[in-house]
Amino acid sequence: MALHRLSSITIGVPNVEDTCRYYAEFGLSRNGAIFSTHDGGEQLRIIESSTRRLIELCIGADDPDDVARVSDRLSTLGVAVERDATSVSALEIHSGARVVVKVLAPLTQEPAAIEPTNGPGYTQRRNGRAPAILRQEPIRPRKLGHVVIGTPDAEASQRFFLEGIGFKISDQVRGLASFMRCSTDHHNLLLQPAPVAFLHHTSWQVDDVDEVGRGAMTMLEGHAERHVWGLGRHFIGSNFFWYLRDPAGNFSEYYSDMDSITDDQLWIPGMWEPSLRALYAWGPDVPPSMLEPDDLADLMAASHQG
Ligand SMILES: [Fe+2]
């Protein structure tokens with residue numbers, strides 16, 4: 001695959017320091033307003049912006065030829081690009097996000113320990129408690145997994161990412177969402193039609209479902225208002241999820257066990273009808289804020305002023 005990873009994002013929020021404190025608590029390592037994951041290095045930058053939104057998305061490519069191809073395809077679409085020998089960047093005008101593709105080393109991850117489990121007819125763990133209940137170390141997300149944005153022209157934004165940047169479609173929900181990948185993860189980017197551009201959520205990989213639960217419960221201690229939706233399992237992408245709200249109104253998700261597409265020929269993208277099933281296999285009822293942000297009116301008012 002010419003593109004191989006979602007490398008980093010920059011998000012804009014009106015309340016930088018509050019939001020920075022939240023992501024440090026979420027388990028990212030803080031250096032000023034730059035945050036690192038355990039495996040992915042520096043993957044999040046938070047800057048000031050009048051409304052919450054995705055400012056920049058950086059994607060890793062294998063070599064300069066890949067970058068040249070992205071640049072050519074964007075030019076064919078009539079998109080202005082900035083180039084140097086190892087990178088190209090362009091503004092996706094509908095979402096307002098700048099997208100950078102640059103030559104980067106692939107991400108390598110140490111496999112998580114596979115812990116013994118018990119079930120009907122098999123007993124891998126004998127005479128001992130589950131290691132998962134004994135974990136005490138703070139949650140440290142392994143990497144940035146995906147970002148979800150609302151865009152007022154989903155069709156044009158999709159063309160930019162698919163035909164210009166080179167993302168691939170993994171699944172779609174008719175009229176609602178396109179799940180796209182630039183790596184072997186089921187999705188690294190999801191576009192949603194919305195009346196105004198905004199950042200819906202960012203998603204961060206943890207080792208397993210116990211870390212999803214442990215991470216969310218830690219974030220909710222003394223902060224019940226952070227809860228959005230979880231624990232559940234998505235149907236599209238298969239991952240376990242728990243969504244929390246940051247102080248700017250963006251959601252941040254802990255996830256584990258997402259589908260992986262290592263051979264494009266063997267994955268059949270689905271076109272799913274809009275239904276609750278397309279959203280999740282099981283979990284609590286979907287809160288209205290997952291479908292439409294609580295601050296939509298404010299976001300729209302701000303966009304009209306801008
Ligand atoms: Fe997600």
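**A tour of the sheet, the iron site and two pockets**

Select strands S11 and S14, which pair in the parallel sense over five bridges; two strands are taken to pair if DSSP finds at least two bridges between them. Strands (E, at least two residues) and helices (H or I, at least four) are DSSP runs numbered from the N terminus. The model is predicted: local features need pLDDT of at least 70, side-chain atom pairs count only at pLDDT 80 or more, and totals for chains, interfaces and linings use all residues. Residues are numbered from 1 along each chain as its sequence is written, and side-chain values use heavy atoms, with hydrogens and water left out.

Within this pair, display Val 148, which stands opposite Leu 190 in S14. Next, extend the selection to the open sheet of nine strands, whose order is S16-S17-S18-S15-S11-S14-S13-S12-S19 with mixed pairing. At its edges are S16 (227–233) and S19 (270–272), each of which pairs on one side only. From one strand to the next the twist averages 20 degrees, where axes are lines fitted to C-alpha atoms and angles run from 0 to 180 degrees between N-to-C directions.

Now select the iron ion. Its protein donors (N, O and S atoms within 2.8 Å of the metal, or 3.2 Å for Na, K and Ca) are His 146 (NE2), His 201 (NE2) and Glu 253 (OE), at 2.1 to 2.2 Å. Because His 201 belongs to strand S15 and Glu 253 to strand S18, the pair ties together parts 52 residues apart in sequence. His 201 and Glu 253 are both buried, meaning under 20% relative accessible area with a 1.4 Å probe, protein chains only.

Turn to the largest pocket, an open set of points on a 1 Å grid where a 1.4 Å probe fits, with protein on both sides within 12 Å along at least five of seven lines. About 970 Å³ of space lies in it, a volume being the space filled by probe spheres set on the points. Its lining (residues with an atom within 4 Å of a point) comprises 41 residues; Ala 112, Arg 142, Gln 205, Val 206 and Asp 207 lie nearest the centre. S1 contributes the most, with four residues.

Finally, select Ala 177, Gln 192, Leu 279, Met 290 and Leu 291, which lie nearest the centre of the second largest pocket, lined by 30 residues. This pocket holds about 510 Å³ of space. Among the elements supplying at least two lining residues each are S11, S14 and helix H7 (288–291).

How values were computed. Buried means under 20% relative accessible area, exposed over 50%, partly exposed in between (1.4 Å probe, protein chains only).
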